[in-house]
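Work through the exercises below with the model open. Try each task before you read its solution.

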Number of protein chains: 2
Amino acid sequence: MKARVHVTLKSGVLDPQGKAIAQALQALGFDGVKDARQGKVIELDLEDGDTSAAQARVDEMCRQLLVNSVIETYRVELEG
Amino acid sequence: MKARVHVTLKSGVLDPQGKAIAQALQALGFDGVKDARQGKVIELDLEDGDTSAAQARVDEMCRQLLVNSVIETYRVELEG
C-alpha cells in the first residue's frame, strides 16, 4: 500500500524558498509569476492492510515526525 | 492561474532524505514501513492566459531552474 503525504506551509507563513524561486524566475526573464510556494511530498511504501488503520497510523507519523504542525499543514492520499 | 510542479527523484536514484525518514519512523516504533521517498511540489501563481502557452512556459521554467533533469523527473498540473 502507498501513502502520499502532501505537506505545505500554512498560508500566511513566510516561504523564503518560494520567494527565492519567484525572484530567480524573474531574473531568468519569466515575467508574470506573481508568487511561488514550495511544499514537499513524502511517499511511504507500507505493508498492505486495512485502509482506515493505515490512515490513522500515517496521521500519527505526521504528528510525531513528518509535519511541523506549527507552520505546516498536510493531507494524506492512500493508494492500493 | 495556478501551476503545480510535482518533482520526484528518478527511480534508482538514492534518496538519503527518504532513507532517513524510513529509519526515523522505524525508531519511533512504526514498523511495516518498507520505504520512504521525498519529493517537492512547487506551486506557481501565474497571470491568467492560454493554458497551452502556460504549460510550455512552465516546462521551460522546469528546464532552466526548477528541475535537475539528471536525477529528477516532474509533472505539471494547471488549474484555473
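**Exercise 1. Place a glycine.** In which strand of chain A does A:Gly39 lie? Then decide whether A:Gly39 is buried or exposed, and list what it touches.

Solution. Keep in mind that this is a predicted model.
- Step 1: A:Gly39 belongs to strand β2 of chain A, which covers residues 33-46.
- Step 2: Buried means under 20% relative accessible area.
- Step 3: The relative accessibility of A:Gly39 is 12%, so the residue counts as buried.
- Step 4: Leave out residues up to four places away in sequence; A:Gly39 then touches A:Val7, B:Lys40 and B:Val41.
- Step 5: Now look along the chain. A:Ala54 is 15 residues apart from A:Gly39, and their C-alpha atoms are separated by 23 Å.

**Exercise 2. Write the fold as a string.** What pattern does chain A follow along the sequence?

Solution.
- Step 1: Count the elements. Chain A has two helices and three strands.
- Step 2: Put them in sequence order. The result is β-α-β-α-β.
- Step 3: Check the range of the contacts. Take those in chain A with a separation of 6 or more; residues 24 or more positions apart account for 74% of them.

**Exercise 3. Test the chain against a globule.** What radius of gyration does chain A have, and what would a compact globule of 80 residues have?

Solution.
- Step 1: The globule value is near 12 Å.
- Step 2: Chain A has 16 Å instead.
- Step 3: Turn to the box along the principal axes. The C-alpha atoms of chain A fill roughly 50 × 25 × 15 Å.
- Step 4: Add burial. Of the 80 residues of chain A, 36% count as buried.
- Step 5: Add surface. Chain A has an accessible surface of about 4400 Å², and carbon and sulfur atoms hold 50% of that area.
- Step 6: Add charge. Chain A carries 10 positive and 13 negative charges, with mean positions 7 Å apart.

**Exercise 4. Find the symmetry.** What turn and what shift lay chain B on chain A?

Solution.
- Step 1: Recall the general form. Two copies of a chain are related by a rotation about an axis and a shift along it.
- Step 2: Here the turn is 180° and the shift along the axis is 0.0 Å, with an RMSD of 0.0 Å.
- Step 3: Name the relation. It is therefore that of a two-fold axis.
- Step 4: Locate the axis. In chain B, B:Lys40 has the C-alpha nearest to the axis, at 2.1 Å.
- Step 5: Compare the contact surfaces. Both copies use the same surface, as 100% of the contact residues of chain B recur in chain A.

Methods
Residues numbered from 1 in each chain as written. Chains lettered and ligands numbered in written order. Predicted model: local features only at pLDDT ≥ 70, side-chain atom pairs only at ≥ 80, totals over all residues. Heavy atoms only, no water. Helix = DSSP H or I, 4+ residues; strand = E, 2+ residues; numbered from the N terminus. Rg over C-alpha atoms; globule rule 2.2 N^0.38 Å. Buried < 20%, exposed > 50% of the residue type's maximum accessible area, 1.4 Å probe, protein only. Contact = heavy atoms within 4.5 Å. Areas by Shrake-Rupley, 256 points an atom, 1.4 Å probe, with all protein chains shown as cover. Lys, Arg positive; Asp, Glu negative; His and termini not counted. Charge placed at Lys NZ, Arg CZ, Asp CG, Glu CD. Least-squares fit on C-alpha atoms with pLDDT ≥ 70 in both.
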